[in-house]
Every structure is written in structure tokens, then in C-alpha cells.
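Got your viewer open? Here is a stop-by-stop tour, with something to select at each step.

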Amino acid sequence: MSSAKHGGPRRLTIADVAEAAGVSRTTVSHALNDRGQVDPQTRARVKDVARLLGYSPNLRAQRLRTGRTNSIALLSSMPFAVAGGPSRLGFMMEIAATAAEAALKQGLALVLVPPLAEARGLLDELDVDGAIIIEPVAQDPQVTQLRRRGITVVSIGRQPEADPPLPYVDLQAGATGRLLLEHLAAQGARHIALLIGQQRRHSYVDVEQAYRDFTAARGLPCLIAKAEEAGGEEAGAEACRRLLAEHPSLDAICAPVDAFAVGAIRALQQAGRRVPAEVRVVTRYDGLRAQKCQPPLTAVNLHLEEVSARAISLLLAHINGKAAPDIVRGPSPELIVRASSDNA
């Protein structure tokens, strides 16, 4: 191999791979990028030759040719108070970890955009092929900003009132809500309160509808409290105090946001109400908060690893202009019963 101008090894090119494999440069390009009509055996041989030679593509040239960055963004409009928490290890970060792995398997880098006000200014400069947004609110400004730039966006969880609708992976929030409510009823609860966020987010909208249908069908009182997401655990505690003051016969709380559920348990304990003997508490996301709470919280396995993989595949299909569904059903929720609601 000849040396470069400054004495270092010359960078391998497609021409070198083509010569070694005995094929044209176009065939090498198509084989390495899994494009075009190339015989499978030829494609495999070209890839083997490239690997043996130690060839790696010139990413700058490839980007100029294809217009692709081979990177995607992951965003959330949920504040860290509920999406991450004090440890920053929460719903968003679990999705980020699994999505990064799924993206890497597709040859993509994942850029995590934290839910901070400062990040909004970066969205007009972020150089990505597409974006996944976690549980966007109705009229989410991040979705609007990205769409204005022509960036393909899909969501994990349906965006309420979106026009036009975003392609999304269905987190089955309504089914999750029913699963939790039916569990509480089976444990003997008859005065079940729903504690949700104030925002128009699918996991609140759909669970609230499921709750209203559930209580109406059984002739149970409808007790709904809403808290500000940015307040995190303390907002959940304050909402629980209001519920106790207004409804002293309360015997269960369904709080889909784990931060609100933890805050509710703290408020119950401060009020001298035993959990679960007097008041049962359940939540949606089975993360560290739910597992480390005292007592540990009954929660739901949302199978976020599979959700993330499906979101990556959905985004790639839309980026590549393939025939792709607008809705991909997520895995069925799985109840994990713990001491916060178990009478056993």
C-alpha cells in the first residue's frame, strides 16, 4: 500500500475494495449500503473483502452524497421532576438507553435532548435525520419546531389533538389504567381516586377516560385530582392532601406518574393513613421510584425495550419513505403487584 503525501498510510477507497473483489465501484457502493440489485453472494463477498482490507467509508463524502447524518434525536416534554427524578434515572432515561441500543443496531447514533428550556434553542440547529418524542402534549412546541424544519417525527405515545397526527407507538394507556383500576377493585377498594398531571398528555387523557368509564359502570364515586408535573413528588403529596381533606373515605389512589405516587404515599403516611391497610396506591411506570418506595409500589411493566425498538423501526420506515403504518401497537402492559396495594 502506498503512503500518503505526509508519510502516513493512504486511506482505503471504494476503488481499492472494487479491485480486490473484482467488481465495479458501483457494486461495492450498493453492496456496502445494502442498496440496488446485487447478487447476495456478491454482496457478502464485497463485505468480506472490505472487512479484511479494513475499509471504512468516508462519512463526510457519504453525507454529501446521501444528505443523511445517520443520527436521530430523542426528546421529551416531560420535566425531569417526573421524567427523570433526583437520580435522573427514570422513564425518559430508560427509553433513552434502550433506544440508543436499538438505533446502534440500525447504524444510527442517538442524540438525547434533555427536557430543559435551554434545549429549545438547539432544535433549529440540531442536524438529524429524524426524531422520536416521548409522550408529547397537545400542541407540543417541539413537534411544531421540528416539523417546520421538515424533520420526520414519530412519538412514543399518541399526541392528543395533533393535526396532522404523528405516527406513534401506542403505549396502551387506557388498557394500563383499566388494569390498575381492576386490581384496586379486586382488592376491595370502593373509593378510588385518580391523580394525574394537568397537561394534555395521552397518558392522562386516556387514563382519565378509562377511569370515568370504570367508575360509572360500577356506580363508584368519581374522584379526580390533578397536579403540576414540574412539582414532582411534592405536587403529588399536595394533591393527595387535598383528596384526603375533600374525601376522607378515600381508600385507594391510582397515580400513573410514579413521582406523584411516591408523594402521595408520603402524604398518607404523614396523615397517619396506613398503606395498604387503609389506602392502596398504584402507579404506571415500574422504575426505581416504584421499586425503592416504602412500601414498594404496585406498577406496570410497559416493556420499554420493545417499545423503543418499535419506535426506531417506525421512524426509519418513515424516513426512508417506505410503506409504514401510522400506528404501531405496543406490547401489552403487565401488572406487577407489590406491597402498596396487596392485602395478602
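Helices and strands here are DSSP runs, H or I over at least four residues for a helix and E over at least two for a strand, numbered from the N terminus. Keep in mind that you are looking at a predicted model. Counted that way, the protein chain holds 13 helices and 12 strands.

**Whole chain first.** Colour everything by accessibility: of the 344 residues in the protein chain, 50% count as buried. Now think about contacts with a separation of 6 or more: 67% of those in the protein chain are between residues 24 or more positions apart.

**The six-stranded sheet.** Switch to cartoon and pick out the open sheet whose strands come in the order 7-6-8-9-10-12, with mixed pairing. Its edges are strand 7 (223-227) and strand 12 (334-336), each of which pairs on one side only. On average, neighbouring strands of this sheet are turned by 25° against each other, direction ignored.

Zoom in on the strand 12 end. Select residues 298-301, which make up strand 10; three bridges join strand 10 to strand 12, and the two run antiparallel. For a landmark, show alanine 299: isoleucine 336 in strand 12 stands opposite.

**Helices on the sheet.** Next, select 202-218. That is helix 9, which lies across strand 6 (192-197), strand 7 and strand 9 (280-285), and runs at about 165° to strand 6. Then add 232-246, helix 10, which packs on the sheet and touches strand 6, strand 7 and strand 8 (252-254). The direction of helix 10 makes about 150° with that of strand 7.

**Into the cavities.** How many cavities of 30 Å³ or more are there? The count comes to two. Go to the largest cavity, which has a volume of about 110 Å³. To see its walls, show Met78, Val82, Phe91, Ser203, Tyr204, Pro256, Val257, Asp258, Arg284 and Tyr285 as sticks. Two elements from the earlier stops turn up again: helix 9 and strand 9 each supply at least two residues of this lining.

**Threonine 176.** Leave Arg284 on screen and select threonine 176, in helix 8 (residues 173-186). Is threonine 176 buried or exposed? Its relative accessible area is 2%, so threonine 176 is buried. Looking past residues up to four places away in sequence, threonine 176 touches Leu171, Arg284, Val300, Leu302 and Pro333. So one residue of the cavity lining, Arg284, is also a contact of threonine 176, because their heavy atoms come within 4.5 Å.

**Valine 328.** Move on to residues 327-329, strand 11, where valine 328 sits. With a relative accessible area of 18%, valine 328 still counts as buried, because the cut-off is under 20%. Draw a distance from its C-alpha to that of proline 167: the separation is 8.1 Å, although the two residues are 161 apart along the chain. Leaving out residues up to four places away in sequence, the contacts of valine 328 are Tyr168, Val169, Asp170, Arg310 and Leu314.

**Last stop, the cysteines.** Select cysteine 222 and cysteine 293. Cysteine 222 counts as partly exposed, at 38% relative accessibility, whereas cysteine 293 is buried, at 7%. How many disulfides does a search of the whole structure find? Zero.

Conventions: Residues numbered from 1 in each chain as written. Predicted model: local features only at pLDDT ≥ 70, side-chain atom pairs only at ≥ 80, totals over all residues. Heavy atoms only, no water. Disulfide = S-S within 2.5 Å. Buried < 20%, exposed > 50% of the residue type's maximum accessible area, 1.4 Å probe, protein only. Pairing = 2+ DSSP bridges. Axes fitted to C-alpha atoms, helices over the stretch in contact; angles between N-to-C directions. 1 Å grid on protein atoms, 1.4 Å probe; cavity = no way out; pocket = protein on both sides within 12 Å on 5 of 7 lines; lining within 4 Å. Points joined across faces, edges and corners; volume = space filled by probe spheres on them.
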